[in-house]
Amino acid sequence: MAGQEYSFLYKVQSEKSFLEIAEEFQMSEVVLRAMNPKIRQVRPGVELKIPIAECPNGAFHTLKEGEGLFHLAVGIGSTAEDILAANPGLVPGRALPGQMVILPEQERATRTYRICGTDHLWDILRKFEMSVPTLRRLNPGLDIFSLREGQEIVVMEYAPASDAQGVYTLKAGETLLSLCEKTGFSPAELLRANPNLRPQDFAKGMRIVLPQKKGRHNM
């Protein structure tokens with residue numbers, strides 16, 4: 001489930017074994033085989049699922065409609081070459097909306113986040129666009145696979161895209177619908193601008209990216 005959600009397809013280009021590909025992405029062969037149970041033998045042209053959460057290159061990002069690699073690179077202050085280096089199986093012309101890509105590791109502001117009852121590890125990684133290695137680095141000595149309700153952890157602030165109108169921090173009691181009423185955006189517009197968030201994630205303390213729209217005013 002989590003592996004299916006946080007993975008990308010890697011097309012094998014040359015004669016390689018499962019072990020060689022696993023080492024290339026700095027993961028175990030066992031995990032790679034578990035992600036691809038129907039593939040018995042690797043050969044050129046075969047597409048393998050690579051779990052992003054196992055990749056140490058940085059955070060992950062969901063491509064939006066019309067967002068190319070150059071546009072994404074400008075938005076995060078990086079280069080297309082660096083993004084391609086972090087995603088060996090990514091072909092520029094085949095990047096599609098909804099596809100997850102690994103972003104090169106970049107320092108962002110950090111803050112404390114209190115675990116709520118519905119939070120799972122993958123929810124936290126998704127909401128703050130972080131990788132497992134990054135979360136571990138920010139919380140040394142913490143078993144991130146055994147998080148408890150009420151526990152406080154350090155997370156990276158969400159970095160808005162370059163075409164965002166601004167970022168709004170939700171106050172107590174505010175939800176997706178109340179933010180729609182306040183800003184004039186529709187739920188679909190806000191969710192498209194925040195592909196890492198689900199409707200239930202719109203809660204106190206979350207930083208919400210406001211999409212750029214003509215005729216709308218900053219809050």
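**Close-up 1. Glu29 and Arg33 hold hands through their side chains in a salt bridge, with N and O 3.0 Å apart.** Keep in mind that this is a predicted model. The two residues sit 4 apart in helix 3 (residues 29-35), so about one helical turn separates them. Here's the general idea: an α-helix has 3.6 residues a turn, so residues three or four places apart point the same way. Are these two partners equally easy to classify? Glu29 has a relative accessible area of 27%, so it counts as partly exposed. Arg33, at 37%, is partly exposed too.

**Close-up 2. Arg114 and Glu152 form a salt bridge between two strands.** Their closest N and O atoms are 2.8 Å apart. This pair links distant parts of the chain: Arg114 belongs to strand 5 (residues 110-114) and Glu152 to strand 6 (residues 152-156), with their positions 38 residues apart in sequence. Glu152 has 48% relative accessibility, so it is partly exposed.

**Close-up 3. Asp119 pairs up with Lys127 in another salt bridge.** Look for the closest N and O atoms, which lie 2.9 Å apart. Are the partners buried or exposed? Asp119 is buried, at 12% relative accessibility, and Lys127 is buried as well, at 4%. Buried here means under 20%, so both residues make the cut.

**Close-up 4. Helix 6 (residues 121-128) is largely enclosed by the rest of the structure.** Why say so? Because 7 of its 8 residues are buried. Among them are Leu121, Ile124, Leu125 and Phe128, but also the residues Asp123, Arg126 and Lys127. Right after the helix comes Glu129, which has a positive phi, near 50°.

**Close-up 5. Asp201 lies in the loop between helix 9 (187-193) and strand 8.** Being in a loop doesn't put this residue out in the open: Asp201 is buried, with a relative accessible area of 8%. Which residues does Asp201 touch, if you skip its neighbours within four places in sequence? The contacts are Arg126, Lys127, Asn196 and Met206. You've met two of these already, since Arg126 and Lys127 are buried residues of helix 6.

**Close-up 6. Arg207 is part of strand 8 (residues 207-211).** With 24% relative accessibility, Arg207 is partly exposed. Now find Gly166: Arg207 and Gly166 are 41 residues apart in sequence, yet their C-alpha atoms are 9.9 Å apart in space.

**Zooming back out: the chain has 9 helices and 8 strands.** Of its 219 residues, 43% count as buried.

Note on methods:
Residues numbered from 1 in each chain as written. Predicted model: local features only at pLDDT ≥ 70, side-chain atom pairs only at ≥ 80, totals over all residues. Heavy atoms only, no water. Buried < 20%, exposed > 50% of the residue type's maximum accessible area, 1.4 Å probe, protein only. Contact = heavy atoms within 4.5 Å. Salt bridge = Lys/Arg side-chain N within 4 Å of Asp/Glu carboxyl O.
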